[in-house]
Amino acid sequence: MIFTKHSNIFRWIIIVASFAIVSLILLKTYEFFQHFKDEERTKMENWSFAQTEFVNSDTNTNLNLTLKILNSNTTTPMIVIDKDGNLSSSNNINDSKIENPEYLKKLINKFSDENKPIEIKYQNQVYSTIYYGNSPLLNKLKYYPLALILIVVLFGAVIFFFYSSNKNATQNKLWSGMAKETAHQIGTPLSSLIGWTELLKTENVNPEYITEMEKDVSRLKTIAERFSKIGSLPTLEKADIIKETIESYDYLKSRLSKLVDFEIIIPDGEIPVNLNKQLYSWTIENLVKNAIDAMKGRGKLTVEISQLENDVKVNVTDTGKGISKKHYNSIFEPGFTTKKRGWGLGLSLTKRIIEDFHNGKIKVLQSAKNKGSTIQISLKRAS
């Protein structure tokens, strides 16, 4: 408990610290972007001063520094528009494109949005205006915060999935431990019941009673074996899936509601599949009981086995209330239930038995509101 508490505190410290670091990096990036942008504007203002000097110079003026400044701009795209609205000059822009008036107009609007135009004046008269855009480096730099945010999101996703998988692993260990402990607890009264059954055989008791008691005792032994196998990796052996399904089906049919019309559809012959018999029986039991709950104890339940090449399909169909399409995957999650009473463990255990222990698949094949559902198990035929 203390460890969990400290882990949560440490987790929040990491989250807050990460958020603070990312915020600081974004702030500094923005400040650097603005500083770089200001430097580019200063460069363009110097260019405008040089342009003014060049236009108003005479033959005796030394223009070496002026020309050097005018030729120094090799990255920033710019256009100069005279006082009559005509293109005077351009720099770092495709000459063939800029001759198009529509393209020129769009470029002026774009540059005006990116940076405030600079007016070139002489004797307080504006004789041209400089429109300039962001340099390629500045354009790349403005996408840096987005890339950083994407990296942070991906990093957060990795952390989330790490903690999620760690939590699931802890839950699996908990369920495994509870399963083994349950099997152990059942063992003691079960041994006593077996002894009492043997004692009753020596008394003048109706043999039919003894037979039924032995069936239930055998059932309890099967349940104990199931729970013990959930807590460890079960052993699979080649078995006839038709025979195993019929045994589970017949046992449930004799003990469940008489208002349910049971039907089983099976092919001729045998279908060998690598199974753990106890866990497969548990799967069929969970699906049948879940189907009967969906029908509220009244309706038709069909178990059908079919074979398609190397795959074996087991369909359990009911005429119950159906499953909403958005819940097709949710019903197999631990704790999910639509019942007022229930832990939501039956179908999640079924999924684990089929997919984790038998390398098969289980899914909602089809469902319609108030018409019923079909849940399908897919397993590989044994060679």
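**Note on two sheets, their helices and one aromatic pair**

1. Strand 1 (residues 78–82) and strand 2 run antiparallel and are joined by 4 bridges. Within this pairing, Ile81 has Leu87 of strand 2 as its bridge partner. The model is a predicted one, and the points below should be read with that in mind.

2. The sheet to which these strands belong is open, has 4 strands in the order 2-1-4-3, and is antiparallel in its pairing. Strand 2 (87–91) and strand 3 (118–122) are at the edges; each has a single partner strand, so one side of each has no neighbour in the sheet. From one strand to the next the twist averages 20 degrees.

3. At the other end of that order, strand 3 pairs with strand 4 in the antiparallel sense, over 5 bridges. Ile118 has its bridge partner in strand 4, namely Ile130. The two strands, 3 and 4, make a hairpin with 2 residues between them, and Gln123 in the turn has a positive phi of about 55 degrees.

4. Helix 4 (residues 101–114) lies across three strands of this sheet: strand 1, strand 2 and strand 4 (125–132). The direction of helix 4 is at about 110 degrees to strand 1.

5. A further open sheet has 5 strands in the order 6-8-9-11-10, and its pairing is mixed. Strand 6 and strand 10 (361–368) are the edge strands, each pairing on one side only. Neighbouring strands are turned against each other by 15 degrees on average, direction ignored.

6. Strand 6 and strand 8 (residues 299–308) run parallel, with 6 bridges joining them. Asp261 stands opposite Lys300 of strand 8.

7. Helix 10 packs on the 5-strand sheet, where it touches strand 10 and strand 11 (372–380). Its direction makes about 130 degrees with that of strand 10. The helix has 12 residues (346–357), which at 1.5 Å a residue should span 16 Å; the end C-alpha atoms are 16 Å apart, so the two values agree.

8. Which residues of helix 10 are buried? They are Leu347, Ser348, Thr350, Arg352, Ile353, Ile354 and Phe357. Arg352 and the two serine and threonine positions, Ser348 and Thr350, are thus listed together with Leu347, Ile353, Ile354 and Phe357. Just after the helix, Asn359 takes a positive phi of about 55 degrees.

9. How many aromatic pairs does a search of the whole structure find? The search finds 1. This pair is formed by Tyr249 and Phe262, with 5.9 Å centre to centre and 80 degrees between the planes. The arrangement is edge-to-face, because the angle between the planes is over 60 degrees.

10. The pair links distant parts of the chain, with Tyr249 in helix 8 (residues 241–255) and Phe262 in strand 6 (residues 260–265), 13 residues apart. Phe262 therefore belongs to an edge strand of the 5-strand sheet. Are the two partners buried or exposed? Tyr249 counts as buried because its relative accessibility is 5%, under the 20% cut-off. Phe262, with a relative accessible area of 12%, is also buried.

11. Ser248 lies in helix 8 as well. With a relative accessible area of 6%, Ser248 is buried. Leaving aside residues up to four places away in sequence, Ser248 touches Ser281 and Ile284.

Methods. Residues are numbered from 1 along each chain as its sequence is written. This is a predicted model: local features need pLDDT of at least 70, side-chain atom pairs count only at pLDDT 80 or more; totals for chains, interfaces and linings use all residues. Side-chain values use heavy atoms; hydrogens and water are left out. Rings of Phe, Tyr and Trp (its six-membered ring) pair if their centres lie within 6.5 Å; planes under 30 degrees apart count as stacked, over 60 as edge-to-face and the rest as tilted. Buried means under 20% relative accessible area, exposed over 50%, partly exposed in between (1.4 Å probe, protein chains only). The expected span of a helix is 1.5 Å times one less than its number of residues. Two strands pair if DSSP finds at least two bridges between them. Axes are lines fitted to C-alpha atoms, for helices over the stretch in contact, and angles run from 0 to 180 degrees between N-to-C directions. Contact means heavy atoms within 4.5 Å.
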